[in-house]
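Here are my comments on the model you asked me to look over. I have kept them as numbered points so that each can be checked against the coordinates.

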Amino acid sequence: MAETIDLSGDGGVLKTVVRKAKDDAIAPSDSLPLVDVHYEGTLAENGEVFDTTHEDNSIFSFEIGQGAVIKAWDIALRTMKVGEVAKITCKPEYAYGTAGSPPEIPPNATLIFEVELVACRPRKGSSVGSVSDEKARLEELKKQRELAAATKEEEKKKREEAKAAAAARMQAKLDAKKGKGKGKGK
């Protein structure tokens, strides 16, 4: 079972990694504050789903640290990497508090979100070093994919040439046998 981490230090925001990201995956940062996520939110009390991006396969985007989302998300998403899926349990004081968010979320509700960090991006117009680093990384991945495709194509070509050569040898043997047979019959 995965370890649960207390991100807030008071049990208010708990994170359990459901699926780890790759070691070299990027994480949100000051230069990559815009995040894209898939999520499903449930009420801890009864497991009822109150919000999800899975039904319409949409992406929810926001900027970390701007108060655009509940406090628990600003805390938890900073600790995630692209590709990671985590279960985030949010006490009311890190979610919608005593007011709730009627009608879906009652007052003082503890919420559980399963969140997948899909991407991290810079703000529009940003020209930070890490942005060019990310572009370079993506360019390198593209080159690797192209190289792999070229290698695969080359292997396919070699297999086709080997088949053609084998077929030519078989045909030559058949022709040789036919030639011997005609000579005997005369």
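The points below go from the overall fold to one hairpin, two buried side chains and a pocket.

1. Please bear in mind throughout that this is a predicted model. The protein chain holds 2 helices and 7 strands, and their order along the sequence reads β-β-β-β-β-α-β-β-α. Of the 186 residues in the chain, 30% are buried. Among contacts with a separation of 6 or more, 63% are between residues 24 or more positions apart.

2. Strand β3, which spans residues 34–43, and strand β4, which spans residues 49–52, run antiparallel and are joined by 3 bridges. The two strands form a hairpin with 5 residues between them, and in the turn G47 has a positive phi of about 75°. Within this pairing, E40 of the hairpin stands opposite T52 in β4.

3. H38 is located in strand β3, and because its relative accessible area of 11% falls under the 20% cut-off, H38 is classed as buried. Its side chain has two polar partners worth inspecting: the side chain of T53, in a polar contact of 3.2 Å, and the backbone oxygen of S58, which lies 2.9 Å from a polar side-chain atom of H38. Once neighbours within four places in sequence are set aside, the residues in contact with H38 are T53, H54, N57, S58, I59, E114, V115, E116 and V118.

4. Is E63 buried or exposed? E63, in strand β5 (residues 60–63), has a relative accessibility of 17% and therefore counts as buried, the limit being under 20%. The side chain of E63 is joined to that of R123 by a polar contact of 2.7 Å. R123 also appears among the residues that E63 touches beyond four places in sequence, the others being P33, L34, A68 and D74.

5. The second largest pocket has a volume of about 180 Å³. It is lined by 13 residues, and those closest to the centre of the pocket are Y39, D51, W73, Y96 and F113. Sorted by class, the lining comprises 10 nonpolar residues, 1 polar residue and 2 charged residues. Two of the central residues also belong to the hairpin of point 2, since Y39 falls within the range of β3 and D51 within that of β4.

Technical notes. Residues are numbered from 1 along each chain as its sequence is written. This is a predicted model: local features need pLDDT of at least 70, side-chain atom pairs count only at pLDDT 80 or more; totals for chains, interfaces and linings use all residues. Side-chain values use heavy atoms; hydrogens and water are left out. On a 1 Å grid over the protein atoms alone, a cavity is a set of points where a 1.4 Å probe fits but cannot get out, and a pocket is an open set with protein on both sides within 12 Å along at least five of seven lines; lining residues have an atom within 4 Å of a point. Grid points are joined across faces, edges and corners, and a volume is the space filled by probe spheres set on the points. Ala, Val, Leu, Ile, Met, Phe, Trp, Tyr, Cys and Pro count as nonpolar, Asp, Glu, Lys and Arg as charged, and the others, Gly among them, as polar. Helices (H or I, at least four residues) and strands (E, at least two) are DSSP runs, numbered from the N terminus. Buried means under 20% relative accessible area, exposed over 50%, partly exposed in between (1.4 Å probe, protein chains only). A polar contact is a pair of N or O atoms within 3.5 Å; within protein, one must be able to donate a hydrogen and the other to accept it, and residues adjacent in sequence count only if both atoms are side-chain atoms. Contact means heavy atoms within 4.5 Å. Two strands pair if DSSP finds at least two bridges between them.
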